[in-house]
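Reader: Please take me through the packing and the charged pairs of this chain, one point at a time.

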Amino acid sequence: MEIKQDLPKFSKRDFDLKTWRLQASGLVKEPRSLRYDDLLALPKVSLADDFTCLEGWVVKDVVWEGVKLSDVLGLLGLKPEGRFIRLAGDDFSVVLPLERALEETTILALRKGGVLLDEYHGGPVRLVLRGHECYESVKGLNKLRVLEASEEGTAARIALSRIAKR
Ligand SMILES: Nc1nc2c(c(=O)[nH]1)N[C@H]1C(S)=C(S)[C@@H](COP(=O)(O)O)O[C@H]1N2
Ligand SMILES: [Mo]
C-alpha cells in the first residue's frame, strides 16, 4: 500500500459559498435548502482517520472538521417512515441506513487539516464517516434525500469501474 502525504487531486469542482445550497428532500418535516451559513452555525466536531482508497493508497491521520450530519437532520426534522438517506453531489451518490447517518462520527466535513475544503478536495462540503469505504466520502455534497426504502447509489459502481480500467 502506497502511503501518500495528502489526498491526491483528481478533479476540480468550482463553487461559490454565497450561492451554495444543500438541497434537502424526501422524508423530512421541513424540506428546504440549507445555506453554508446554516452549517457554520452548528457545533463543530472533528474526526481523525486514515483515508484508504481501494486503488491502493492511504493517507494517514487525516483530520476533518465539520458538523454532525445528525445535527443537520435535526434542522430538517425526520419523518418516522425514514429508514435510509441518499447523500449526493452532482454526479455521485451513496445511500446509507439512517442509523449510520446519525452516528456521532458521521460528519459533513468543511475543513481538512485545518484548511477549508477547496475545489480539489470536495469542497465546500464532503461526507466523512468512521471506517468508510473511500467512495463513501462524497465530495461536493449538495443534496440529501431521506428515503423509506434503500436504493443503489452510484458511488461504488463509479469507483470500482475506475479500478477495473487500470
Ligand atoms: N463526487 C465524488 N466524490 C468522490 C469520488 C468521486 O468520483 N466523485 N471518488 C471517491 C473516491 S473513490 C476517493 S478515493 C476519494 C478521493 O478523494 P480526493 O479527490 O480528495 O483525493 O473521493 C471519493 N469521493
Ligand atoms: Mo477510492
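The turns below deal with the core and then with salt bridges in this predicted model.

Reader: Which strand gives the most residues to the largest nonpolar core?

Author: The largest nonpolar core has 46 residues, and those touching the most other members are Trp64, Val72, Ile85, Leu87, Leu108 and Leu144. With five residues, the element that gives the most to this core is strand β5 (residues 57-68).

Reader: Which residues does leucine 108 touch, leaving out those up to four places away in sequence?

Author: Leu108 is among the core members that touch the most others. Beyond four places in sequence, the contacts of leucine 108 are Leu22, Gly66, Val67, Leu69, Val72, Val125, Arg126, Leu127 and Leu141.

Reader: How far apart in sequence are the parts that arginine 130 and aspartate 49 tie together?

Author: The closest N and O atoms of arginine 130 and aspartate 49 are 3.9 Å apart, and the two form a salt bridge. Aspartate 49 sits in strand β4 (residues 45-53) and arginine 130 in the loop between β10 (126-129) and β11 (143-147), so the parts tied together are separated in sequence by 81 residues.

Reader: In the salt bridge between glutamate 104 and lysine 68, which of the two side chains meeting there belongs to a buried residue?

Author: The side chains meet at 3.4 Å, N to O. Glutamate 104 lies in the loop between α3 (98-101) and β8 (106-112), and lysine 68 in strand β5, 36 residues apart. Glutamate 104 has 56% relative accessibility and therefore counts as exposed. At a relative accessible area of 16%, the buried residue is lysine 68.

Notes: Residues are numbered from 1 along each chain as its sequence is written. Chains are lettered from A and ligands numbered from 1 in the order in which they are written. This is a predicted model: local features need pLDDT of at least 70, side-chain atom pairs count only at pLDDT 80 or more; totals for chains, interfaces and linings use all residues. Side-chain values use heavy atoms; hydrogens and water are left out. A nonpolar core is a set of buried Ala, Val, Leu, Ile, Met, Phe, Trp, Tyr and Cys residues joined through side-chain atoms within 4.5 Å. Buried means under 20% relative accessible area, exposed over 50%, partly exposed in between (1.4 Å probe, protein chains only). Helices (H or I, at least four residues) and strands (E, at least two) are DSSP runs, numbered from the N terminus. Contact means heavy atoms within 4.5 Å. A salt bridge is a side-chain nitrogen of Lys or Arg within 4 Å of a carboxyl oxygen of Asp or Glu.
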